[in-house]
Amino acid sequence: MRRKKIAAVSVTLAGIMAAAGVMSGCSLSGGDNGKIRIEMIQYKQEAVGVFEELEKKFNETHDDIELVIDSPNDATTIMKTRFIREDYPDIIGIGGDMNYSNFLDAGLLMDISDYEGLDSIKQAYLDMDKELELVPQEGVYAVPYAANAAGVLYNKDIFDEYGWEIPTTWDEFLALCEDIQAEGLQPFFFGFRDTWTCLAPWNAIAVDLVDSDICSQVNRGEANFTDNYREVAEKTRALLDYAQDDPFAYSYNDACTAFARGEAVMYPIGSYAVPQIQSVNPDINIDSFVMPASEDASVNKLNSGNDLQFSVLAESEHKEAAYEVLDFLLEDENVQFYLDDQNAVPCKEGDFELAPMLDGMKTYIEDGYLADYQDHHYPSEMAVDAMIQTYLLDDSENATDTFLERFDTEWVRYNRDTIRNLEEYMEEHPDAE
Amino acid sequence: MNTKGNKQTARTNWPITILLIIGCLTIFFPLYMTIIIAFKQPSEMTNDIAGALAFPSSWSFSNFAQAMEVTDFWNSLANSVLITVIAIVLAVIIHSLAGYAIGRSMAHSKVYSFIYLYIVSGMFVPFAILMMPVVKLTAQMGLANRVGVILLYTVFYMPMNLLLYSGYLKNIPLALEEAARVDGATTWKTYWSIIFPVMKPMHATVAVLTALGTWNDVMTPLVILSGTDVNTLPLAQLNFQTQFGTNYNLAFASYLLALIPILIFYLVCQKQILNGVVNGAVK
Amino acid sequence: MKKKMGNREKTFLCITIPILILFFMFNTLPLIRGVIYSFTNYKGYGTYDFVGFRNYVDLFQDSRVGKSYLFTFKFAIVSTIVTNVVSLILALGLNSKIKGKSALRGIYFIPNVLGGLVVGYIFSFIFTYILPTVGQKLGIGFLSSSMLSSESSAWLAIVFVACWQSVAMNTIIYISGLQTVPEDVYEAGSIDGATGWSKFKNLTFPLIIPFFSINMVLCMKNFLMVFDQIMALTKGGPAQSTESISYLIYNNGMSGGQFGFQSANAVIFFIVIVVISVAQMKFTGSKEEQL
């Protein structure tokens with residue numbers, strides 16, 4: 001009798017734990033309806049509406065595959081958390097940036113060189129992904145889908161009203177800012193409280209002044225940032241003279257709102273900001289121009305990079321179905337649908353209609369006179385955005401020296417494993433570039 | 001430092017009463033701002049002080065309806081309630097048993113003294129060090145869900161609650177159980193019929209402390225539940241922050257919605273909560 | 001006697017073992033795994049190598065980590081002092097002969113039941129939009145721009161919000177402490193002519209020292225682990241000046257690909273917490289026994 005009671009104690013406690021296990025087990029196995037389920041996470045929070053539409057359209061036209069597209073807030077953190085949990089989706093939609101480099105380096109992505117849709121992608125964008133490989137890889141691991149362009153957005157109505165010209169050199173640009181201020185208007189309204197926005201002017205200026213593979217050069221020990229980034233740093237800082245008071249108090253949303261309401265005439269940011277701006281003021285007449293950071297107008301390039309690209313996860317068990325989803329997304333009609341909503345630049349060859357606010361950049365896009373974002377090569381844990389914010393907040397005389405010195409020392413530390421792997425690779429492949 | 005009022009003969013100390021009432025403004029001002037901003041429309045947001053402090057032009061609940069939709073309010077609320085209630089029940093059952101078994105055995109057993117120290121010293125383990133391994137562990141066990149969060153709370157609050165229960169038991173004489181034992185009751189039965197009811201004040205304390213800790217916790221659900229579509233109330237605020245954009249009115253309606261359940265609970269159970277907190281801290 | 005306790009001991013054992021397993025699984029095991037990860041260059045996913053003590057060596061050279069420790073300690077110490085001074089004053093007030101005593105006590109406890117994250121968001125708005133307007137109108141220099149946007153004031157804003165919330169808890173504890181002070185102590189005191197400050201210092205305070213030490217320990221531990229307020233108010237900015245240790249570990253460990261490195265940081269943080277807690281308990285231990 002007593003024995004039983006004792007046993008009951010243990011059974012009760014063990015039962016609670018077992019119940020926990022069973023309950024969790026149940027929630028894992030979802031309802032099966034004979035369809036292959038393809039799960040996709042994409043990181044463009046702004047494009048959540050587009051992907052809801054595309055998801056619906058796909059599921060209506062496909063009987064054998066069920067597509068689920070998730071567009072969570074702070075998606076890259078969620079992707080990483082899920083990778084930490086070893087809970088992999090089938091397809092991820094991310095930017096062509098350091099996250100891609102890391103996922104690829106960790107062996108998470110599938111080689112999709114046998115995917116036929118790749119033939120229709122512009123080579124320039126495929127090359128950008130190649131440059132992102134920390135250690136050169138065989139194969140293709142992403143389908144570039146949409147690119148964005150970053151430069152300076154401007155309020156066309158105000159420009160027309162005062163008859164201002166589009167600047168093509170740095171001096172003209174600063175002179176324009178002076179003119180705008182002289183009219184009692186605000187040239188820029190920055191949202192530097194969100195540190196990542198500090199990278200927008202930085203990138204746009206850097207593509208004009210620095211080699212696009214500067215990070216690889218540094219990794220190979222052939223260059224340093226102190227020499228190459230000084231001008232970029234100084235010119236980024238120069239923009240602060242034309243910004244509102246205390247730009248570090250306001251967020252990206254605040255800055256978009258201010259620009260939308262005509263409180264600032266220009267906004268050095270990417271085309272991705274346009275939907276946010278238009279959500280505040282749908283009637284605003286926006287155009288853009290390429291950041292003229294150099295005195296030599298002919299070296300000024302458009303800052304453009306893979307804003308959204310799709311990768312299939314190596315763990316995915318449904319490669320064929322995943323390709324079918326990619327085929328669907330790459331249909332001209334669906335690409336155009338995305339471009340219209342997001343004011344993006346297509347990575348696919350073809351006759352697509354571009355958004356009017358890209359007019360000022362059109363020739364650069366068509367001539368392929370563009371360069372990838374520098375920050376796509378920065379490791380996220382190095383937090384270069386916050387370093388730039390720190391630098392812009394630093395009023396001391398040697399701020400630029402401090403910043404550049406820190407950039408060089410931290411770079412080596414954060415990229416130590418990459419540099420070592422690269423050295424090993426170079427030793428194994430002495431003839432590689 | 002005015003302690004004159006402690007004399008039994010003293011009358012009401014009006015200056016201090018008035019100062020304290022004025023001091024309440026520091027509590028009410030942020031809450032007042034939350035309420036009026038939650039009811040205003042974006043067009044009513046002005047930059048002058050009088051305008052910012054003024055009542056909204058109409059008391060419309062449209063912001064709340066929209067905020068509920070954006071943050072999936074009812075689901076988040078249900079999850080928060082579910083997690084908190086089960087965590088409390090498990091804490092009261094499991095931790096009190098632990099307090100009893102370990103607390104009663106400590107005096108004559110080195111092993112139990114060691115177990116006691118082992119668990120209680122878990123109090124010093126900051127969540128930051130457990131965070132990353134726990135994410136991996138729960139995922140591998142299929143516990144990256146509400147059950148996982150509840151289990152983690154049961155473990156994280158164990159050190160503190162064990163300390164509280166075993167401390168409380170020191171004041172409950174062994175003779176109470178001896179009598180029952182002589183009557184032939186088993187230890188298990190004695191526990192539930194005599195000891196468990198006697199510890200009622202401590203159950204209240206444990207329940208209050210566990211509830212306040214789990215209800216408002218952000219970090220555990222953040223790392224365990226993010227990306228699973230399951231939100232608790234605070235997690236929903238964090239996850240939907242960017243969807244509010246610069247519509248602060250919508251955001252504040254959502255904040256207010258997140259604060260209201262616990263405020264109501266506090267108003268109803270104020271006395272028990274205050275007593276519970278004091279008991280927990282002082283014991 | 002001992003033999004007769006057979007059933008009792010078995011019951012205890014049956015209760016203790018599952019609990020011990022549960023605790024080991026979700027507390028000790030993760031702790032051990034955390035220590036193991038701290039010797040790797042793991043990103044959290046993919047493959048990894050053991051790198052020996054490299055993470056620990058880096059940790060002591062990393063200016064960002066150093067800065068976060070400095071910030072966290074500065075924040076925790078200042079907040080602990082402010083919270084205790086304010087709540088002691090409040091407790092003395094609330095414990096004196098006043099009208100509406102229980103209502104006032106109830107009101108002053110409200111901030112403690114509210115979630116740190118949401119409170120942070122509310123104050124973030126007040127700091128960004130309301131205070132600067134007030135500051136400009138009244139011509140108060142440091143208020144005329146957002147407190148959250150400057151390195152010199154952002155941490156003070158966080159201190160303010162953290163104290164606003166935690167004063168509630170400490171006040172309640174001090175009140176219960178003051179209620180243990182017997183009336184005759186004061187009567188004896190007033191015969192000696194003790195009044196005001198000297199009465200507090202010589203009579204009241206020594207009697208509530210145990211409560212003071214409880215509050216110090218509670219405050220320090222909570223403030224060292226500050227996370228919610230940072231997440232809501234500054235996200236570590238401006239210029240990385242308000243990154244608390246917990247925030248840095250979460251941010252860089254979970255989303256920044258520094259799983260291994262931040263594990264090492266967490267191990268050091270754990271050691272620091274243990275050392276501080278043990279020191280505090282040693283310091284106040286003898287006094288707490290009076291309770």
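## A first walk through chains A, B and C

In this predicted model, the C-alpha centres of domain 1 of chain A and domain 2 of chain A lie 27 Å apart. Domain 1 covers 36–148 + 305–358, and domain 2 covers 150–304 + 374–426; such bounds come from an automatic or database domain assignment. Where the two domains touch, 20 residues come from domain 1 of chain A and 21 residues from domain 2 of chain A. Being in contact here says that the C-beta atoms of two residues, placed from the backbone, lie within 7 Å. Helix 4 (98–105), strand 4 and strand 8 of chain A each put at least two residues into the domain 1 side. By class, that side holds 10 nonpolar, 6 polar and 4 charged residues. For these classes, Ala, Val, Leu, Ile, Met, Phe, Trp, Tyr, Cys and Pro count as nonpolar, Asp, Glu, Lys and Arg as charged, and the others, Gly among them, as polar.

A quick word on ground rules. Residues are numbered from 1 along each chain as its sequence is written, while chains are lettered from A and ligands numbered from 1 in the order in which they are written. As this is a predicted model, local features need pLDDT of at least 70 and side-chain atom pairs count only at pLDDT 80 or more, whereas totals for chains, interfaces and linings use all residues.

**Strands in chain A**

Let's start with strand 4 (residues 143–150) of chain A, where 8 of 8 residues are buried. Buried is the label when 20 or more other C-beta atoms lie within 10 Å of a residue's own; 12 or fewer makes it exposed, anything in between partly exposed, with C-beta atoms placed from the backbone. Helices (H or I, at least four residues) and strands (E, at least two) are DSSP runs, numbered from the N terminus.

Strand 5 (residues 152–155) of chain A is covered on both faces: A:Val152 and A:Tyr154 are buried on one side, A:Leu153 and A:Asn155 on the other. In general, side chains of a regular strand alternate between the two faces of the sheet. Strand 5 belongs to an open sheet of 3 strands in chain A, ordered 6-5-7 with antiparallel pairing. Strand 6 and strand 7 of chain A are its edges, each pairing on one side only. To count as a pair, two strands need at least two bridges found by DSSP. Here are the pairings of strands 4 and 5, all within chain A.

| Strand pair (chain A) | Sense and bridges | One facing pair |
|---|---|---|
| Strand 5 and strand 7 (residues 286–289) | antiparallel, 4 bridges | A:Leu153 and A:Ser288 |
| Strand 5 and strand 6 (residues 266–267) | antiparallel, 2 bridges | A:Tyr154 and A:Met266 |
| Strand 4 and strand 8 (residues 302–312) | antiparallel, 7 bridges | A:Ala149 and A:Ser304 |
| Strand 4 and strand 9 (residues 345–346) | antiparallel, 2 bridges | A:Ala146 and A:Pro346 |

A:Leu153 also stands opposite A:Tyr267 in strand 6 of chain A.

**The core**

A:Tyr267 turns up again in the largest nonpolar core, which has 291 residues: A:Tyr267 and C:Ile158 touch the most other members. Helix 6 (residues 151–178) of chain C supplies the largest share of this core, 17 residues. Such a core is a set of buried Ala, Val, Leu, Ile, Met, Phe, Trp, Tyr and Cys residues joined through C-beta atoms within 7 Å. Beyond its neighbours within four places in sequence, C:Ile158 is in contact with C:Phe75, C:Gln229, C:Ile230, C:Leu233, C:Thr234 and C:Thr242.

**Chain C and its neighbours**

The unreviewed UniProt entry annotates "transmembrane region" on several stretches of chain C, including 152–175 and 259–279. UniProt positions follow the numbering used here, feature names are shortened, and annotations may be inferred rather than shown by experiment. Residues 152–175 of chain C are 100% helix, with end C-alpha atoms 35 Å apart. Residues 259–279 of chain C are 100% helix too, with end C-alpha atoms 30 Å apart.

Between chains C and B, 79 residues of chain C are in contact with 71 residues of chain B. Helix 1 (residues 6–37) of chain C provides the largest share of the chain C side, 18 residues. That side has 53 nonpolar, 18 polar and 8 charged residues.

The contact between chains C and A takes 30 residues from chain C and 32 residues from chain A. Helix 1 of chain C gives the most to the chain C side here, with 7 residues. This side divides into 9 nonpolar, 17 polar and 4 charged residues.

Chain B, for its part, is divided into domain 1 (12–60) and domain 2 (73–233 + 260–282). Their centres, taken over C-alpha atoms, are 38 Å apart.
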